[in-house]
Amino acid sequence: MIRRPALGAIVAAAMTVMIVAACGGDGVSSSGDRRRTVTIGFQGVLSGDDEQLGVNALYGVRTAIEEINADASLPFRVELVSSDDGGSPERAPAAARRLIDDSDAVAVIGPMLSDATEASEPFYSEAGLLSVSPSATAPALTDLGFTTFYRVVAPDSVQGRAAADYISTVLDAGKVYSVDDRSEYGIGLSTALEAELFSDGVDVVHGGVDPARDYTREAAKIIAEAPDVLFYSGQYADFALLNKALEDGGFTGTVMGGDATRDPDFVTRTGAAAAEGAYFSCACSDVDTDSAAKEFVASYKDVNGGALPGTYSGEAYDATWAVVDVLKRLGNNISRESVARAFRTVSWDGLTRKIEFEENGELKRSTVYLYKVQDGEITDLGRISDLIGS
């Protein structure tokens, strides 16, 4: 994996905001651009073990904004301000308020992790500030009455069913050990997965474990059950540690994780040998290998110091462009209220999928993909629906 530039420098650059009115004020950028400035915020996990997921998305947003600002025909330019929530529900409200208190901000890309999203959305709804998550997948998020929340990925209820059907049909598993990290995201995914596995006639053993540094005991419990498949619903850093403990303990079954485990750092942290053959389900597409995304990959690398797109880079890029499509349609009528209202009817042909929403903020069309570590690299196997022939 190409290493990214220092995160502190990126966040500092992203926090540089033009002090101009977002709803029609004029300002002059450092490049002499005299167009109106509109501010878009980003909230995500930009520190801690899972920061790579946040960096992937932040870089996707930055790429979109660089392309948008290069279009001189637009009557506005976009400034980005970012807020780090560490992926923590405790830190998330303060991160959301930092963006809400920026009176120039008319929309936010994020939050990312489901727990942090649930903790943030009451504040965004109260402020009337649009929030578009590229990655928060807990099913309950669109049932909690948030009025300005949308997401550009399928919920775990969809992902869990798809992963379970692949496990029961293609992997032909008779017994599955399902472990979640007790987070909102982990519980939502494991619940959906297990319900579908039961429906498919698979024997399921459930385990819930708090994130830890030593998974030896949990690995021993799993090995004793002798499942055909171990499925982990949690973050990639913890899955890497669990997978390493399973490898050290002599586990011979197949391992699979959900979308938050699909990251090259999983391979790095657990080791190439232990990672080989691991599967990941994800409602995210692999833009690195998509021939239609070559221009995006080149642009992403150029904007972000040579880094390659990662999990949710494409989704964050699409979310940003969808917001800007709304801004273009609004013309001189850009405000928090008008943006949130107009986004309900957005229809944007994005890089990863068509961005259109149901009334509750879910995508009208959802797709789940499968990935596998082969020769030390995470490779795209395609849509699960195609792989199981449904």
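## Helix contacts and backbone features in a predicted model

Ser313 lies in helix H12 (residues 313-330); helices (H or I, at least four residues) and strands (E, at least two) are DSSP runs, numbered from the N terminus. The model is predicted, so local features need pLDDT of at least 70 and side-chain atom pairs count only at pLDDT 80 or more, while totals for chains, interfaces and linings use all residues. Residues are numbered from 1 along each chain as its sequence is written, and side-chain values use heavy atoms, with hydrogens and water left out.

Ser313 is buried, with a relative accessible area of 0%; buried means under 20% relative accessible area, exposed over 50%, and partly exposed in between (1.4 Å probe, protein chains only). Leaving aside neighbours within four places in sequence, Ser313 is in contact (heavy atoms within 4.5 Å) with Asn56, Gly60, Phe296 and Tyr300. The side chains of Ser313 and Tyr300 are joined by a polar contact of 3.1 Å. A polar contact is a pair of N or O atoms within 3.5 Å; within protein, one must be able to donate a hydrogen and the other to accept it, and residues adjacent in sequence count only if both atoms are side-chain atoms.

Helix H2 (residues 51-69) and helix H11 (residues 294-303) have axes that come within 9 Å and cross at roughly 100°. That makes H2 roughly perpendicular to H11, a term for angles of 65 to 115 degrees. Axes are lines fitted to C-alpha atoms, for helices over the stretch in contact, and angles run from 0 to 180 degrees between N-to-C directions. On the H2 side the contact is made by Val55, Asn56, Tyr59, Gly60, Arg62, Thr63, Glu66 and Glu67, and on the H11 side by Phe296, Ser299, Tyr300 and Val303.

Helix H8 (residues 236-249) has 14 residues, which at 1.5 Å a residue should span 20 Å; its end C-alpha atoms are 20 Å apart, which agrees. The expected span is 1.5 Å times one less than the number of residues. Buried residues of H8 include Tyr236, Phe239, Leu242 and Leu246. Gly250, just after H8, takes a positive phi of about 90°.

Two residues have a positive phi although neither is a glycine.

| Residue | Phi | Loop between | Relative accessible area |
|---|---|---|---|
| Ala226 | about 50° | helix H7 (216-225) and strand E8 (229-233) | 53%, exposed |
| Asp375 | about 55° | strand E13 (369-374) and strand E14 (377-383) | 74%, exposed |

The peptide bond from Gly110 to Pro111 is cis, with omega near -5°. Pro111 is placed in the loop between strand E3 (105-109) and helix H4 (114-127).

Definitions and conventions
Angles under 35 degrees count as roughly parallel, over 145 as roughly antiparallel, 65 to 115 as roughly perpendicular and the rest as oblique.
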